[in-house]
Amino acid sequence: MKLWNRILNKKNADPLVPIRWKTTPHINGMVFQLLKGEHSQVSLPLSLSVSELRNQPDLEALETIEMLWYEEWLEEVNESYVLPYEKILELPGEVRSLLSIPDPAAEIKARLAHEGAVGTAHFRFILEKNYGSWRNIERTAQSMGPWIRLPDQTLLLLPNELYRLEQLITQPPDALDRDRIFAYVAQVRSEAKKLGIVMDDYLEQQEYKFVDNVDIELNYDGEQINLEPLYISSDPIAPSLLKHMSENSIAYSSDPVNGKVFVNPEVLKKSEMIHETAPVSGQDIPRFVENPEAYLPEVEGLDLSLFGERVKSLGIRVYRAQPFVHASDKGRGWFEIEAGIAVMDEEGETKEVYSPSEFHSAFQGSTASGEEYFKWNDTWIRNPHQMDSFTEAAERLEQTFGVNTQIDVTKLPYVLEIFENIGNLEFNQPIIEAHREMMDQGILSPVPPTIFNASLKPFQEDGFVWMKSLYYKKWGGLLADDMGLGKTIQVISLLSYLQEIGQLTPTLIVLPKTLIENWQSEINKFAAVLGDSLYVHSGVSRLKSAELLSVNGITLTTYQTLVRDQLAFGQVEWQVVICDEAQAIKNPTTAASKVLKALKAKFRLALTGTPVENGLSELWSIMDYVQPGLLGSLSEFKRDFINKLEAEERDPAVEQKLLARISMVYKRRTKNEELAGQIPDKRNIDLPVALGDEQKRLYAEVVNQVKTKKMSALQAIQVLRALCSHPALVDERFSNLPIKSVPKLEETIKLVKEISNRGEKVLIFTELQHMQEILKKVLREQLEINPFIINGMTERRQNVVDQFNQRAGFDVMILSPKAAGTGLTITSANNVIHYTRWWNPAVENQATDRVYRIGQEKPVQVYYPIVTDFEGVLRNGTVEQIVSRIIRDKQELASSIVVSSRKLDLEKEALRSLFE
């Protein structure tokens with residue numbers, strides 16, 4: 001368990017009086033009280049100093065309670081804290097044990113009995129419960145919500161399903177309400193059957209069946225999509241009867257074959273909601289296909305994620321129409337210009353190509369001009385934005401240069417001028433820049449406006465000019481600078497320029513949730529004027545109107561919220577759409593990718609330091625958002641590049657061809673190139689350490705298990721990695737092993753003490769959560785410091801980083817490389833220890849880049865404690881030696897943006913070195 005928000009040296013603390021905690025069962029969960037002395041209540045967070053921490057007899061439990069508070073799992077009630085029943089069930093068993101909370105008592109044996117006959121005033125259900133030798137504890141024990149206290153004071157916690165059944169039984173309708181009592185009996189019997197609970201003979205003989213859920217059935221007749229309810233039951237009921245009852249909203253049925261069938265009143269309400277949903281027709285059909293969630297009624301418990309495949313089964317296809325202007329080089333300075341419309345599927349595959357006039361006539365003949373979609377030959381096509389203007393521009397092009405549209409190079413600027421007001425055009429090659437006009441508009445000036453309060457480095461000025469040039473030419477861009485080169489500040493300089501020329505509003509920035517706070521801070525720091533019109537689109541009170549969204553200067557939102565509110569975002573005419581950490585749209589079929597590519601925007605920008613993580617198709621997807629059509633369809637891109645670059649031997653010529661193809665809209669700089677001499681040096685230091693005696697013995701046992709086929713090599717390699725970190729990660733019996741028995745841990749603590757003597761800060765990276773806890777415990781004991789931990793469970797990580805950066809002098813933070821590898825600047829530290837290596841060099845480098853980036857003022861030391869076979873008894877050395885050697889060999893390959901991490905095959909090479 002983790003703590004994130006520790007404030008040291010609490011004022012007025014009395015280290016002589018420990019904090020006690022006690023638990024009390026509550027109808028809603030478990031109540032915690034924290035007491036100092038006999039009656040003094042203590043509030044969370046604890047904010048204890050190291051000396052106070054040492055004085056706590058139940059420190060681990062106190063830290064766990066505090067962690068639950070930080071995670072917002074505890075509800076404060078009258079100076080006490082309630083952990084809700086639902087959260088108790090989510091806790092791991094060892095945490096419940098630590099907090100003296102019993103596990104759900106699966107040993108409780110239940111039987112459903114009754115009193116009185118159904119339909120009489122005295123009828124009621126009785127849920128009989130036995131536990132071990134205790135019988136009928138529903139009568140002999142004390143019950144409170146989900147808790148049962150036996151006569152011997154043993155506290156039991158009801159399992160979730162049994163507790164829900166008991167709640168249902170204890171809230172019956174009036175026994176004489178014949179309209180409800182029979183349905184209620186059917187429901188209780190149905191729930192009991194699901195749980196395998198035995199019923200008494202009377203209840204078993206009752207012929208009641210229960211409809212307990214409803215689904216939505218989709219039907220398409222070529223003109224409209226009808227939404228119909230379909231009842232679902234866990235009881236054996238004929239599908240034909242369920243369909244008949246759901247179609248006619250029937251609440252009860254009785255026949256010799258199916259018996260008495262009752263419908264849950266809630267299911268009936270949901271069914272009526274579905275019945276009341278209007279059919280989807282006209283322009284709403286393609287909208288429904290692209291976003292069914294927006295049209296489905298909000299039926300509780302309905303899994304909307306399943307409807308994507310159901311909609312596909314209707315056979316309705318929606319294509320997008322992509323306007324393009326192609327310039328074909330005919331040699332000797334002559335170009336042939338072609339303007340047209342390509343009808344494309346969601347993967348960018350071109351199905352048909354039409355001239356602007358042919359296409360314009362078709363969609364005007366199919367539907368009224370100005371509508372979003374039109375139907376052509378039983379296919380729905382998204383009407384291109386500004387289609388009328390594009391058609392007029394194409395006619396003007398033909399009128400200016402003739403039917404053949406062959407022009408010399410000096411006429412290319414006129415083509416740009418003809419189409420200058422058309423957004424989202426596809427250009428297959430650059431059209432000559434109107435250099436003089438760009439100079440007149442300040443496009444090529446490297447100096448940001450006066451509202452921008454920072455000085456750009458030379459390479460950042462180049463990025464600023466590059467983005468302005470793209471904006472002027474109405475091309476999108478992918479800024480793929482190395483982590484730590486300041487992509488955010490470059491974008492803020494562009495936004496300042498757009499504000500100055502009156503073309504900022506509205507701008508949309510889509511990003512991961514964890515980066516919202518960072519963007520707000522950076523905008524207010526470097527361009528405070530922009531902060532006045534900054535709006536964060538999140539939470540239940542977020543704007544749902546496109547009109548209101550349009551008046552904001554800059555809107556920040558997450559990928560998930562964008563998908564949810566895509567109808568409102570899709571109606572806004574955005575000046576700029578920026579996609580940060582653009583690997584979020586690396587899959588072209590995800591909802592976020594589709595929504596971003598469908599937005600109306602004059603300018604699109606993507607930011608990511610890792611445009612290729614798992615395969616080159618990710619680069620294609622990002623480029624398809626940035627500049628649609630530049631890399632052709634996905635199948636063409638696979639043929640021309642993926643198949644050649646992801647083969648066993650990559651072709652450097654093909655790699656250069658790809659880079660040349662995207663060079664107009666793609667910019668990448670590395671720290672080695674741009675920051676040489678501008679930030680302090682970085683030293684990588686290997687620290688060979690021996691295996692401890694217990695580690696040697698366990699290591700040999702694992703190797704022998706692989707040889708005797710008792711363990712797979714793949715499993716063994718993970719066990720060996722954990723074993724090299726600490727034996728306790730393999731066997732809990734070694735949790736209290738002295739640190740001198742684990743040389744790697746001993747060397748790390750020694751190194752941290754040296755850093756402490758220098759008054760510097762250090763980050764320790766390991767993805768192994770148990771190792772994070774061991775490191776924290778040992779550091780607290782050895783150096784009297786309580787380090788922060790940032791991993792996948794950390795919600796308020798920016799707050800943690802801010803506190804860490806603001807403290808003066810020595811400090812330690814323990815981090816997971818994946819959870820802390822993006823969006824964080826921790827330049828207050830200048831030491832990094834990779835306690836365990838991450839097998840992807842790019843991810844490991846990103847972790848180091850939290851420290852080694854712009855703003856670092858001290859030389860950076862990166863330490864790699866590597867468990868080493870000094871005795872030479874292991875083939876090719878330990879697993880850590882092998883992995884470190886492979887990572888070193890793969891660094892150059894990992895730095896290429898057109899080679900995926902998958903291509904590195906570290907695990908396969910490690911297996912071969914260890915066991916072949």
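This short talk walks through the cavities, the nonpolar cores and two of the sheets in the structure above.

Before I begin, please keep in mind that this is a predicted model, and that residues are numbered from 1 along each chain.

Let me start with the empty spaces inside the protein. The count comes to five cavities of 30 Å³ or more, and the largest cavity holds about 70 Å³ of space. Which residues line the largest cavity? If you follow along in the structure, you will find N424 and L425, then K474, W475 and G476, then A601, K602, F603 and R604, and finally V626, Q627 and P628. Strand β30, which covers residues 601-607, gives the most to this lining, with four residues. As for their chemical character, the residues of the lining divide into six nonpolar, three polar and three charged.

From the cavities I turn to the nonpolar cores, where buried side chains are joined to one another. The largest nonpolar core has 79 residues, and within this core L478, L495, W519, I554, L596 and L658 touch the most other members. Helix α18, running over residues 487-500, gives the most to this core, with seven residues. There is also a second, separate core of 62 residues, and L46, L112, I169 and Y184 are included in that one.

Now to the sheets, and here a general reminder may help: strands of a sheet pair through backbone hydrogen bonds, either parallel or antiparallel.

One open sheet consists of three strands in the order β7-β6-β11, and its pairing is mixed. The edge strands are β7 (124-130) and β11 (198-199), each of which pairs on one side only. Strand β6, residues 109-115, is joined to β7 by seven bridges, and these two strands run antiparallel. If you would like one position to look at, H114 stands opposite F125 in β7.

Another open sheet of three strands has the order β8-β9-β10, and in this case the pairing is antiparallel. Why is one side of β8 and of β10 left without a neighbour in the sheet? Strands β8 (142-144) and β10 (155-157) stand at the edges and have a single partner strand each, so one side of each strand has no neighbour there. On average, and with direction ignored, neighbouring strands of this sheet are turned by 20° against each other. Looking at one pair in detail, three bridges join β8 to β9, residues 147-149, in an antiparallel arrangement, and S143 stands opposite I148 in β9.

Definitions and conventions. This is a predicted model: local features need pLDDT of at least 70, side-chain atom pairs count only at pLDDT 80 or more; totals for chains, interfaces and linings use all residues. Side-chain values use heavy atoms; hydrogens and water are left out. On a 1 Å grid over the protein atoms alone, a cavity is a set of points where a 1.4 Å probe fits but cannot get out, and a pocket is an open set with protein on both sides within 12 Å along at least five of seven lines; lining residues have an atom within 4 Å of a point. Grid points are joined across faces, edges and corners, and a volume is the space filled by probe spheres set on the points. Ala, Val, Leu, Ile, Met, Phe, Trp, Tyr, Cys and Pro count as nonpolar, Asp, Glu, Lys and Arg as charged, and the others, Gly among them, as polar. A nonpolar core is a set of buried Ala, Val, Leu, Ile, Met, Phe, Trp, Tyr and Cys residues joined through side-chain atoms within 4.5 Å. Buried means under 20% relative accessible area, exposed over 50%, partly exposed in between (1.4 Å probe, protein chains only). Two strands pair if DSSP finds at least two bridges between them. Axes are lines fitted to C-alpha atoms, for helices over the stretch in contact, and angles run from 0 to 180 degrees between N-to-C directions.
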